[in-house]
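Hi,

Here is the structure I promised to send over. Have a look at it first, and then read my notes below.

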Amino acid sequence: MMEMMDRKLKEADPEIAKAVEGELNWERETIHLIPSDNLASRAVLEALGSVFDNRYSEGYAGKRYYGSQEFVDRAETLAIERAKKIFGAEHVNIQCYSGSPANLAIYFALLNPGDKVLAMDLTHGGHLTHGSPVNFTGRSYNFVHYGVDRETERIDYAAVREMAIKEKPKLIVSGATAYSRQIDFKKFAAIAKEVGAMSMADISHITGLIIGGVHPSPFPETDVVMTTTHKTLRGPRGAMIMCKKEFAEKIDKAVFPGMQGGPHDHATAAKAVALKEAMQPEFKDYAAQIVKNARALAKGLIENGIKLVSGGTDNHLILINLTPIEKGHGIFAQKALEKANITVNKNTIPYEPSTPFYPSGIRIGTPTITTRGMKEPEMAAIADMMATVIKETEKYSLPAEKAERKPYLEKFSSEISQNSKIRKVRDDVIKLSRRFPVYEGLTYV
Ligand SMILES: Cc1ncc(COP(=O)(O)O)c(C=O)c1O
């Protein structure tokens, strides 16, 4: 038994060790542009892989249902105090497993089934848990959605206000998963106040930018704020809810025992570490560089003739509109870029003319490459490489017949992997990536 306990991963499970090593090498040799991803520090990973994984600790610090919680309480209290200090939040619940259950907990705390909520539409940049009809939230509450203006492709606050006055929602949700412009949280909170609604901000994508002072904060006006901890914040996968004191009891009860059982104490410890890192002066430089990099990448793409939703970016994220090539082209661009070791995700664009599975855009962002230390000159090079790859996909378009799509995409994948220009880009991507090493010395095999 003890022998089993002391084995390293490569001895205990070589297959998993190889998979982890594969992921590590992939992280080392790709330009990773998925805007919701990042690289956690070794300290965060260490806390995440710590003995806190062994514990159950239902309840909250000082009020647990299990004994011997001294160290768990210490880690949880540190995490909460750090979050309060960073954001100026009156109350923090750090226990949320991830962003989606955290949003559910907020709705569970503040609403009754069937209550009306105003939030951003999924195809305009909102998240699934902002009331998409395929999501539990859309089935349980009466969501009505605002989008972006057709011309500017930005949120039209006058239109949101008009909708709020007409619809009289109980809750107004701001925040997005695919919106490249600043969000005026103060305006959202003011609209909510005017119509007698509660206000909620989902800042998951931009937390790090808010901490770094390069995106306006939803505090102190917004009633409840949710953030994931693994995106620009660069912590472990997880989430936290911050709120005004008056909502504290309801939120805590909704998280536990309402939605969850035992908190993930290893994740709580890792959240505390990430929050401490976010309090260091270097974090501000990192946040500022994310935005500078996104602007430089956007500029490079535009100079290469690529169309961007809303014409650019204010944050970490860029949404590319591929309809000048063909509607539904996102899947071709994603697959071809993947062959060149550039990772992006296909995404709908506002007023999407195709479908969510075959959308017309791709979504990219700069958090991971900024964490690696890349700056504006590398952004210009990445924009050129992306444009070269996207250009190679121009002669492909989705068959109208659904049954023909799968075989056609398979054929496309194999053809594109033989493409000499794309192979050359892949070599250049690997060379560029190796100049910015990741987790040096780490190995699992
Ligand atoms: C704005 C927003 N809210 C909520 C979530 C959900 O987070 P999770 O995937 O951790 O459940 C995401 C994740 O992409 C998000 O972007």
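**Around the ligand**

α6 gives the most to the shell around the ligand, with three residues. Before I go on, please keep in mind that this is a predicted model, and that every value in this email was computed from it.

Which residues are closest to the ligand? They are Ser98, Ser100, Thr177, Asp202 and Lys231, out of 14 residues that surround the ligand. By character, the shell divides into 10 polar residues, two nonpolar and two charged.

You may like the polar pairs, so here are three of them:

- Ser98 has a polar side-chain atom 2.5 Å from an oxygen atom of the ligand.
- Asp202 places a polar side-chain atom 2.6 Å from a nitrogen atom of the ligand.
- In the side chain of His205, an N or O atom is 3.3 Å from an oxygen atom of the ligand.

Taken alone, the ligand exposes 390 Å², and 84% of that is buried by the protein. Two elements give two or more residues to the shell: α6 (99-110) and β9 (224-228).

**Helix α5 and Val72**

Next, please find helix α5, which covers residues 70-87. With 18 residues, α5 reaches 26 Å from its first C-alpha to its last, close to the 26 Å expected at 1.5 Å a residue. The buried residues in α5 are Val72, Asp73, Ala75, Glu76, Ala79, Ile80, Arg82, Ala83 and Phe87. What do these buried residues of α5 pack against? Their partners are the strands β2 (59-60), β3 (63-64), β4 (91-93) and β10 (239-243), together with the helices α10 (207-211) and α12 (265-278). Just after α5 comes Gly88, which takes a positive phi of about 70°.

Val72 is a good residue to click on in this helix. Val72 counts as buried because its relative accessibility is 4%, and the cut-off for buried is under 20%. Leaving aside neighbours within four places in sequence, Val72 is in contact with Phe52, Arg55, Ser57, Arg64 and Asp265. One of these contacts, Arg55, is 17 residues from Val72 in sequence, and their C-alpha atoms are 8.3 Å apart in space.

**Two cis peptide bonds**

Where are the cis bonds before Pro220 and Pro257? One is the peptide bond from Phe219 to Pro220, with omega near 0°. Pro220 lies in the loop between α10 and β9, and β9 is also one of the elements that contribute to the ligand shell. Another cis peptide bond joins Phe256 and Pro257, with omega about 10°. Pro257 lies in helix α11, residues 245-259.

**From α14 to β13 and beyond**

Further along the chain is α14 (330-339). Its buried residues are Gly330, Ile331, Phe332, Ala333, Ala336 and Leu337. The cover over them includes the strands β13, β14 and β15, as well as the helices α16 (376-392), α17 (402-417) and α18 (420-434).

α14 is followed by Asn341, which sits in the loop between α14 and β13 (342-343). Phi of Asn341 is near 60°, a positive value in a residue other than glycine. Is Asn341 buried or exposed? Asn341 is buried, because its relative accessible area is 13%.

Thr343 lies in strand β13 and is buried as well, with a relative accessible area of 12%. Which residues does Thr343 contact, leaving aside its neighbours within four places in sequence? The answer is Trp26, Thr30, Ile31, His32, Leu33 and Ile34. Thr343 and His32 are 311 residues apart along the chain, yet their C-alpha atoms are separated by 4.9 Å.

Tyr351 is a further residue other than glycine with a positive phi, again near 60°. You will find Tyr351 in the loop between β14 (345-347) and β15 (361-365). Tyr351 counts as partly exposed because its relative accessibility is 34%, and partly exposed runs between the 20% and 50% cut-offs.

That is what I have for now. Happy browsing!

Best wishes

Notes. Residues numbered from 1 in each chain as written. Predicted model: local features only at pLDDT ≥ 70, side-chain atom pairs only at ≥ 80, totals over all residues. Heavy atoms only, no water. Near = heavy atom within 4 Å. Polar contact = N/O pair within 3.5 Å; in protein donor to acceptor, adjacent residues only side chain to side chain. Areas by Shrake-Rupley, 256 points an atom, 1.4 Å probe, with all protein chains shown as cover. Helix = DSSP H or I, 4+ residues; strand = E, 2+ residues; numbered from the N terminus. Nonpolar A, V, L, I, M, F, W, Y, C, P; charged D, E, K, R; others polar. Expected span 1.5 Å × (residues − 1). Buried < 20%, exposed > 50% of the residue type's maximum accessible area, 1.4 Å probe, protein only. Contact = heavy atoms within 4.5 Å.
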